[in-house]
Amino acid sequence: MDFSFTDEQQMLRDSVSSFLQRSYDFDARSKIVRSAEGWSRAIWEQIAEIGLLALPVAEDAGGLGGTAPDLVAVAEPFGAHLLAEPFIATLLAAPLLASVEDERLEGIMEGSKLAALAYEEGHGTADPSHIAMTAHRDGERFMLDGEKRMVLAGGDADLLLVVARLEDRLEDRLALFSLSPDSDGITIKGYQTIDGRRAANIRFSGVQVEKDDLLANDIEDALRKALDTAILALCAESVGAMGELLSRTAEYASTRKQFGVPIATFQAVAHRLADMKIAYTKARATLLYTAALMEAGHATERDMAILKGQTGKLGREVGEAAIQTHGGVGMTDELAVSHLHKRILANDALLGSSEYHLRKVGNLSRS
Amino acid sequence: MEIDFSPELEAFRAEVCDFLDTAPTPEIREAGRKLTSVFAPFEQVMAWHKILYEKGWAAPSWPKEHGGTGWTVEQRYIFAEEYRRRDLPPLLPQSLGMVGPLLIDIGTEEQKAKYLPPILKGEDFWAQGYSEPNSGSDLASLSCRADKDGDDYIINGSKIWTTYAHHANRMFMLVRTDNTGKKQQGITFLLLDRVDYPGMTIRPIVGLDGFPEQCEVFFEDVRVPQSGRVGEENDGWTVAKHLLKHERGGGAQSPTLHRGIERIREAAKDTPSGFGTSLAEDPVFLRDLGELEADIASYEAFEKLGVSGHPMANDPSWPSMNKTMNSVLTQRISVMMTRVTGNEGLPLQHEALRVGANVEPLGSDLELVAMPYYLNSRATTIYAGSNEVQRDLIARTAGRGA
Ligand SMILES: Cc1cc2nc3c(=O)[nH]c(=O)nc-3n(C[C@H](O)[C@H](O)[C@H](O)COP(=O)(O)OP(=O)(O)OC[C@H]3O[C@@H](n4cnc5c(N)ncnc54)[C@H](O)[C@@H]3O)c2cc1C
């Protein structure tokens, strides 16, 4: 048993970290998030150049065939630096394109094109079985009606991948369609999220899809795999953010003085720091362990639910404690602290919150 | 022991409902619906203050001779319940709940005559200038200096976290007038008639929810009259502590928390639990909500004991216990709200949150406010003395309450 990064993974992690330290410190990142577009194409190109967009794609599909630990090595620093660029969106879309051998994958991996997976339908579509949107057969074509919400990169994508239920004779399957964002009947409402990402709500009103744009009539297995990968990356991001919160807060508590002494010397503060550290360590251990299980092909539904549930819950504890320990300055937009907390909160809400996943753990162990 | 359930109270309730249903303008209602802080949008809440003043209902907790309503505790709660049920914006606490009561208690006749009426009428808004960059929890270490010069003081230094200083026309503040003794001994409490004295600069600070609420206030040789002093020179700490009792002490706050439960319950009907039912029918969710509701009920009991003058409330740590309980319950409500709104709370909707905005929210009212309200509510355990500091105060008298 060995849960440490390989030398290669460590190198990957270090190079991502130093790239971000150079080009994406908190000030640079704040400027990017406040810009009209809300993210940086230049940064995106560099991320593509390092090969990170090919990471989640299998080698036989032209990707790098990255493992779960590879992804963790990258996503932890992304979280610590609050990456606003559409990495998670790409993690969701690219493997699905790969699974249907779609040639547009190349542009995605190169970073010249963006694809968004229109999957969520509001309130956190925690499981694919919750998908309600249906595609109706209309002769040779299909008709899409309904709404997708919180589609990461949905307003910026060149290509929309839409998951909808295909009601076909007796079968009820999840199909994957590809659509151009400017197809008739599509209305896209783009916005920024609390943690500085771009997303969109997308309404489909009688959108006609050609037969060729039905990429797969049963995408469920590939979709579940992509969701698991995204969950791993979201959790790694959150753990990265937690680590950052812990070090920033420990540093602040040892320099901020009240009553003539550093606040870290007050037991209430010291014990809160200790609890933050325990929470971070617990979350990171769970992350690394789950990544190893995934790499070995042994991660179960329960393992994924434990990871997502624990990270959301422990992450919230760490974020709230960090703000409290900072006092008034913790409440401002000026410090990274609140932004790190918001990233953790957003990652918790995406793809099923900790409430959902912890409950699921209980349900799964019942049977 | 006695609680009044007489039919006359129902007549009073009807009168309150009738007024609250008709008096607020649409903008005031909108400001209340879009509330994401204890500090309501300034313009609309001051407009509402003036309307309440006309009705004689601006300051239910003030003594009648100073313009209070003279209501019984039962009546005050009926008013607060109906007020919150309609999501009307709460009046700002700094003038009505802090400096006003302070002046009523210990101001000179002249100060009362000058300052209380415009507070009551909603013409004046006072900012609270206590905290400084290096003096938060350790407030008594404050260093913003006031030097005597003829009939004036000359102020130099800065304040921070001064809520709504950018909206205020007056400010009460603590200054250092003596450096020689114990830190608590050289502090003086001042009333500033203006916030635009030459040498005064106010810079708003953007909060984690994206809105400017607190400010930095800089003083460079700001000349103010000594007549603005409350209490004796160098005895400001006593005055400040007296005010904190009002700041931390209870009013009828539990109806706000109960209203939170109602809103959560309502929104939960339309929210899938992920386990086959709506959240509103989900046993796990109901158990959590029930726990919170019961805790709020206990807080209501605590609060009513205090407001009605039960001897338990003479405990010196009562205001600290009130502040600690209220702040944590507010946070728990806000967490529960975001739990219901889930993903739908993630979009930033600053424009839609603005009163008078022409932008439709992406989802429901609760989805619009839940996340910024949650983020803003992180402050409740920090301001008015952090909960850690409150616990220290409570611990000092821990053995006495039993
Ligand atoms: C939203 C908001 C509105 C505010 N409005 C106003 C206002 O209108 N006017 C005004 O004057 N001030 C205002 N404040 C300031 C507020 O009173 C201070 O933030 C508060 O007193 C804490 O001080 P600080 O921020 O400097 O934190 P610090 O005092 O630096 O505290 C940092 C952390 O250390 C902890 N700590 C400090 N000392 C101890 C100790 N002895 N034992 C254990 N733990 C300790 C604190 O609990 C906190 O968690 C406001 C603050 C906020 C957040």
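Between chain A and chain B of this predicted model, 23 residue pairs are in polar contact, counting pairs with both residues at pLDDT 80 or more. If you want to see where chain A's side of that interface comes from, look at β3 (141–152), β6 (186–192), α8 (267–295), α9 (301–326), α10 (336–349) and α11 (354–366), the elements of chain A that each give two or more residues to the side touching chain B. Of these, α10(A) gives the most, with six residues. Sort the residues on chain A's side by class and you get 13 nonpolar, 17 polar and 13 charged.

Now for the charged pairs. Six salt bridges are found across the interface of chain A and chain B. One to pull up on screen pairs B:R203 with A:E334, where the closest N and O atoms are 3.7 Å apart. That pair counts because a salt bridge here needs a side-chain nitrogen of Lys or Arg within 4 Å of a carboxyl oxygen of Asp or Glu.

How much area goes under when the two chains meet? About 3700 Å² is buried between chain A and chain B, and carbon and sulfur atoms give 58% of it. On chain A, the residues that lose the most area to chain B are A:H123, A:M331 and A:R359, and together they make up 21% of what that side buries. As for the head count, the contact takes 43 residues from chain A and 47 residues from chain B.

Next, step inside chain A. The chain is divided into domain 1 (7–114), domain 2 (117–218) and domain 3 (221–366). Going by these bounds, α8, α9, α10 and α11 of chain A, all listed above for the interface, sit within domain 3, while β3 and β6 sit within domain 2.

Domains 2 and 3 of chain A also touch one another. Their C-alpha centres lie 31 Å apart, and 16 residues of domain 2 are in contact with 17 residues of domain 3. The area buried between domain 2 and domain 3 of chain A is about 1300 Å², with carbon and sulfur atoms giving 61%.

What holds for polar pairs here? The count between domain 2 and domain 3 of chain A is five residue pairs in polar contact, both residues at pLDDT 80 or more. On the domain 2 side of this contact, the classes come out as nine nonpolar, three polar and four charged residues. Three salt bridges are counted between domain 2 and domain 3 of chain A. A pair worth a look is A:D195 with A:R343, a salt bridge whose closest N and O atoms are 2.7 Å apart.

Technical notes
Residues numbered from 1 in each chain as written. Chains lettered and ligands numbered in written order. Predicted model: local features only at pLDDT ≥ 70, side-chain atom pairs only at ≥ 80, totals over all residues. Heavy atoms only, no water. Contact = heavy atoms within 4.5 Å. Buried area = accessible area lost by both parts, 1.4 Å probe. Polar contact = N/O pair within 3.5 Å; in protein donor to acceptor, adjacent residues only side chain to side chain. Helix = DSSP H or I, 4+ residues; strand = E, 2+ residues; numbered from the N terminus. Nonpolar A, V, L, I, M, F, W, Y, C, P; charged D, E, K, R; others polar. Domains from an automatic or database assignment.
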